[in-house]
Amino acid sequence: MKKLLSLLLVLVMILTACSDGETQAPQTPETPETPGSAEEQPEGTDGGKYAEEQVYKYTYAEEITTLNYLINTTWVDMSVAANLIDALAQYDKYGILQPALAESWKVSEDGLEWTFNLRKGVMWVDYEGNEIAETTAHDFVSSAKYILTKANESESANLVYSVIKNAEEYFNEEITDFSQVGVRAEDDYTLVYTLKKPVPYFESMLTYVSFFPVYGPFLEEMGDQFGTANSTLLYNGAYLLTEFEPQMQRLLTKNEAYWDKDNIFVKELNYKYNKEASALGGELFKRGEVSHAIIPPANLDEWMTNPELKDKVSPDRLGTYTFFYAFNFKPNFDAEYEPDNWKIAVNNSNFRKSIMSSFNRVASMATEDPYNPEFRIINTITPPNFASQDGLDFTDTGNLAKLNDVNFFNEDEAKAYKEKAVEELTAAGATFPVKILMPYNTNSSYWANEAQVVKQQLETLLGTDYIQITLLPHAPTGFLDGTRRAGNYSLMKVNWGPDYADPQTYTDPFERDGNYNFPEYTTDVNADGKNLYDVYEAMINEAKAEVIDLSKRYQLFADAEAMLIDNAFVVPYNVSGGDGYVASMVLPFERPYAPFGIATMTWKGAKILADPISMEEFEAAQEEWQAERNEALKEASN
Amino acid sequence: MKYYAIRLLRSFLTLIIVVTIVFLLMRLMPIEGYFTNYDKLDEVQIEAKLENLGLLNPWYIQLKDFYGSLMKRDLGQSITYRPKVDITKILGDKLITSLRFGLVSLTISLVMGLSLGILMARYKGKFWDKFGTCYIVGANAIPAVIFYLLIQVYLTDLFKLPLLYDRTDAKSWILPILCLSLVNIAYYAMWIRRYMVDELNKDYVRLAKAKGLKNKDIMLKHVMRNAFVPMAQYLPASILYTVSGSIYVESLFSIPGTGGLLVTAIQRQDNTLVQALVLLYSSIGIVGLMLGDILMAAFDPRIRLSHEGGSR
């Protein structure tokens with residue numbers, strides 16, 4: 001026995017000894033200290049408002065899959081890349097586009113040719129900060145060529161070929177000569193994009209990963225290993241990824257060679273991986289080990305009721321992803337749920353409106369945000385602060401402006417609509433109760449709760465002799481293909497995120513042959529007897545064609561969106577609430593803002609605060625920011 | 001020897017069947033799962049990626065390619081978990097990390113568990129037995145998730161230990177190892193006590209006592225040895241299985257091991273990674289069982305595997 005035990009112990013020691021050697025080998029011996037962090041100037045703290053040590057620490061639960069920003073467009077992956085690579089232009093904290101790698105640009109009169117004058121002396125450096133080459137116009141050509149090569153599986157290819165001349169043909173291998181594609185370097189510092197049609201929002205697309213540069217010779221050298229590690233990537237942005245160990249940590253250190261380094265105040269972004277970050281984040285924040293932590297709704301009570309913690313929690317800034325409930329006009333579900341009956345019902349506007357006006361959105365939103373459910377609710381599909389023209393926010397434009405203060409939820413109206421619907425639907429041959437199939441994704445407990453609330457609330461108000469809602473839980477595997485895209489639902493919460501800064505992006509879900517709620521199948525007509533979708537489509541087409549008078553363009557889009565909502569094709573629900581509630585040492589309003597894309601993931605101008613933000617501070621800062629943004633927008637449009 | 005050869009062959013066959021079934025099952029997964037941004041992509045883009053991954057080929061071609069590269073000892077590249085990174089590179093560090101934690105905790109569990117179990121058997125019905133029973137019941141009754149969290153939050157506070165694992169800071173290794181060991185100690189203590197108590201009631205112990213042997217000798221030379229035989233069978237598998245890590249302890253303490261990797265790989269539909277892990281874990285299972293039998297035979301000369309004719 002003794003022999004065996006000692007044998008075992010020896011074995012264990014040998015094994016651990018071996019593995020010790022192996023794991024420690026790749027470890028960098030010197031942990032890179034931030035240069036200059038010791039000689040912090042006290043005046044940098046702005047009278048104690050900001051922390052002396054400008055280091056951001058955070059624990060994250062989802063690891064990036066790749067650093068190859070040319071192929072991947074997921075939020076997590078881009079949030080790192082956005083800080084490592086610079087774009088031609090970037091947004092400031094009010095969401096106004098500012099020059100970055102391009103110092104200036106001009107567009108030809110026909111709106112097709114965009115010429116960019118690049119900043120000189122911006123260097124590509126490796127992860128240790130060694131200079132490799134200068135960033136030139138050729139790097140944008142290399143990037144476009146890589147993205148448009150089918151075999152590279154780039155997820156942003158469609159964004160590029162939606163605007164650039166001959167790009168789609170090259171992607172589909174109809175032409176093989178890349179010089180025919182609308183991107184060329186006239187010299188090292190002059191870059192020209194040729195578009196296939198005038199695109200009023202082209203500038204905004206430049207801030208996105210699909211128009212990031214890449215150093216061609218390096219890309220070629222790395223082959224398919226480009227971006228698989230911090231050493232197989234070159235940097236010209238605000239930070240270097242000095243350490244990157246998947247499922248462990250990443251360390252971003254300020255790039256001392258960055259052209260705008262004077263506006264980068266946070267010297268180090270220190271991320272540690274923890275799969276249970278949402279459970280542990282709050283605890284880590286209390287101990288001062290992280291600068292920012294998500295407080296999940298389940299833990300929110302603990303923070304709100306504790307006098308010591310109450311002032312350390314605040315909402316996160318609102319995002320631009322929107323959620324809305326969609327009525328399906330092309331039901332494709334089991335006969336058990338009576339798709340033909342649903343088809344009759346959904347094409348009756350009084351029926352749709354009865355659902356819309358009996359939907360208490362605040363009540364269902366409380367499942368996710370019990371403290372301030374109104375904060376995220378919106379009356380439009382395009383969220384506020386997304387796009388504006390002449391200083392006027394898109395949601396305050398045209399017919400959309402009328403929807404701003406309307407409360408859709410109205411019990412009396414709901415009952416009146418119901419009465420009319422019952423009469424008309426009976427005449428049309430529908431049977432009651434109308435069966436409503438409502439799927440949700442089982443990966444989210446909030447969604448499950450919300451679906452329950454919506455079902456209960458609608459059935460109670462309208463009566464189960466009128467509607468009968470069946471909840472359809474669906475596993476996350478193949479969720480979209482199994483529900484929305486297949487038309488396997490009657491009423492469902494869906495979402496959409498913008499691709500560029502123009503109201504057109506929010507019309508994509510309602511395009512003919514789309515896969516959202518198939519509005520082109522409607523048989524409902526307006527007062528003049530015209531098919532509602534035909535009317536809508538005509539408005540959209542007119543708006544899309546208007547590329548010169550942008551005020552008119554915005555108004556046309558706004559009217560079209562208002563029409564969808566007025567006719568209850570969809571019920572607007574909420575705008576994404578970022579991370580919900582957070583404990584944070586960073587004021588989101590000091591960070592760059594953008595209506596879409598990646599600017600909100602960057603750090604230019606931001607500083608770490610000395611104390612956590614409270615609810616009151618957040619609200620005051622938000623108000624101040626909103627006023628300043630409105631000013632800035634007006635100024636920019638002049 | 002012949003027995004081992006046949007058994008090895010049979011194990012190999014099992015392995016191939018398992019890996020093939022998993023391979024085919026993965027091909028039945030919905031294509032949506034291969035994309036992180038499915039909703040924003042064009043049909044052409046989706047087609048292009050599926051084609052690159054070889055997923056549009058008939059299944060037998062895919063299977064042939066898979067075994068072909070396996071022959072060349074190539075496990076391939078990850079496809080969604082960390083695209084284009086070699087599987088061996090992803091697994092290498094992770095396996096070693098999990099192995100280190102697992103082996104250290106297994107050693108602690110064995111030493112502590114066996115000692116506790118022996119004490120309990122020796123002083124059956126007295127203090128040690130009662131103390132041990134309390135501990136065993138506690139460790140098994142309270143869900144591990146709960147006391148892991150309590151340990152992590154309160155013990156770190158109490159002893160000023162770091163909350164998360166840091167490879168360069170040995171202090172941060174203590175609590176994960178403690179967590180990993182707690183339940184295992186109870187497990188080993190419970191079983192060794194049981195087997196020993198069984199043995200103690202047997203005739204040969206009485207005979208030994210009657211012969212006037214010292215209690216200590218009886219315990220160590222006879223009872224212990226016999227009681228350990230059933231445990232020996234599972235020991236090699238336990239040791240090997242440490243490479244699969246612990247899902248919850250590793251994710252709580254941010255240990256970059258293999259715990260939960262298989263689950264993640266399946267969720268993300270990283271076919272190559274799933275295949276590699278299934279191959280690894282199945283081999284371990286098969287080899288572990290075999291080593292267990294050998295070890296058992298070594299401990300107890302009465303057991304002869306070859307005469308049993310491969311009934312196992």
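**A walk through chains A and B**

A:Thr207 sits in a loop of chain A, between α6 (202–205) and α7 (216–222). The model is a predicted one. With a relative accessible area of 6%, A:Thr207 is buried, because buried means under 20%. Its side chain reaches the backbone oxygen of A:Ser204 at 2.8 Å. What else does A:Thr207 touch, leaving aside residues up to four places away in sequence? The list is A:Ala87, A:Ala89, A:Gln90, A:Tyr91, A:Leu97, A:Phe212, A:Phe596 and A:Ile598.

Next comes the nonpolar interior. The largest nonpolar core counts 193 residues. Within this core, the residues with the most contacts are A:Tyr69, A:Tyr193, A:Phe202 and A:Phe351. Which element gives the core its largest share? Helix α19 of chain A, residues 550–566, supplies nine residues. Another core lies apart from it, with 51 residues. Among them are B:Met26, B:Val85, B:Ile90 and B:Met231.

A:Tyr193 deserves a closer look. Residues up to four places away in sequence are again set aside. The contacts of A:Tyr193 then include the aromatic residues A:Trp114, A:Phe116, A:Phe140, A:Phe202 and A:Phe211. They also include A:Leu88, A:Leu112, A:Ile164, A:Val183 and A:Leu206. A:Glu113 and A:Gly182 are touched as well.

Now follow the strands of chain A. Strand β4 (residues 102–107) runs antiparallel to strand β5 (residues 113–118), and five bridges join them. A:Ser104 has A:Asn117 in β5(A) as its bridge partner. The two strands form a hairpin, with five residues between them. In the turn, A:Gly111 has a positive phi of about 75 degrees. β5(A) also pairs with strand β9 of chain A, residues 190–194. That pairing is antiparallel too, over five bridges. Which residue of β9(A) is the bridge partner of A:Phe116? The partner is A:Leu191.

Aromatic rings come next. The whole structure holds 54 aromatic pairs over all chains. One of them joins A:Tyr325 and A:Phe359. The centres are 5.0 Å apart and the planes stand at 80 degrees, an edge-to-face arrangement. This pair links distant parts of the chain, 34 residues apart. A:Tyr325 belongs to strand β15 (residues 322–327) of chain A. A:Phe359 lies in the loop between α12 (349–358) and α13 (361–365) of chain A. Are the two residues buried or exposed? Both A:Tyr325 and A:Phe359 are buried.

Compare a pair in chain B. The ring centres of B:Trp128 and B:Phe131 are 5.7 Å apart, and their planes meet at 90 degrees, so this pair is edge-to-face. Why are these residues separated by about one helical turn? Because they are three residues apart in helix α5 (residues 127–141) of chain B. B:Trp128 is partly exposed, at 34% relative accessible area. B:Phe131 is partly exposed as well, at 42%. Back in chain A, ring pairs tie a cluster together. Its members are A:Tyr56, A:Tyr58, A:Tyr60, A:Tyr271, A:Tyr273 and A:Trp603.

What does chain B consist of in secondary structure? It has 13 helices and zero strands. From the N terminus on, its elements therefore read as α throughout. The C-alpha atoms of chain B fill a box of roughly 85 × 60 × 30 Å along the principal axes. Of its 312 residues, 47% are buried. Take the contacts in chain B between residues at least 6 apart in sequence: 69% of these join residues at least 24 apart.

B:Arg10 gives a case of sequence distance against spatial distance. The residue is in helix α1 (residues 2–26) of chain B. B:Arg10 and B:Ile286 are 276 residues apart in sequence, yet their C-alpha atoms are 9.9 Å apart in space. B:Arg10 is partly exposed, because its relative accessible area of 47% falls between the 20% and 50% limits.

The cysteines close the tour. How many disulfides does a search of the whole structure find? The search finds zero over all chains. Two cysteines of chain B contrast in their exposure. B:Cys134 counts as exposed, because its relative accessibility is 59% and the cut-off is over 50%. B:Cys179, at 0%, counts as buried.

Methods: Residues are numbered from 1 along each chain as its sequence is written. Chains are lettered from A and ligands numbered from 1 in the order in which they are written. This is a predicted model: local features need pLDDT of at least 70, side-chain atom pairs count only at pLDDT 80 or more; totals for chains, interfaces and linings use all residues. Side-chain values use heavy atoms; hydrogens and water are left out. A nonpolar core is a set of buried Ala, Val, Leu, Ile, Met, Phe, Trp, Tyr and Cys residues joined through side-chain atoms within 4.5 Å. Buried means under 20% relative accessible area, exposed over 50%, partly exposed in between (1.4 Å probe, protein chains only). Helices (H or I, at least four residues) and strands (E, at least two) are DSSP runs, numbered from the N terminus. Contact means heavy atoms within 4.5 Å. A disulfide is a pair of cysteine sulfur atoms within 2.5 Å. A polar contact is a pair of N or O atoms within 3.5 Å; within protein, one must be able to donate a hydrogen and the other to accept it, and residues adjacent in sequence count only if both atoms are side-chain atoms. Two strands pair if DSSP finds at least two bridges between them. Rings of Phe, Tyr and Trp (its six-membered ring) pair if their centres lie within 6.5 Å; planes under 30 degrees apart count as stacked, over 60 as edge-to-face and the rest as tilted.
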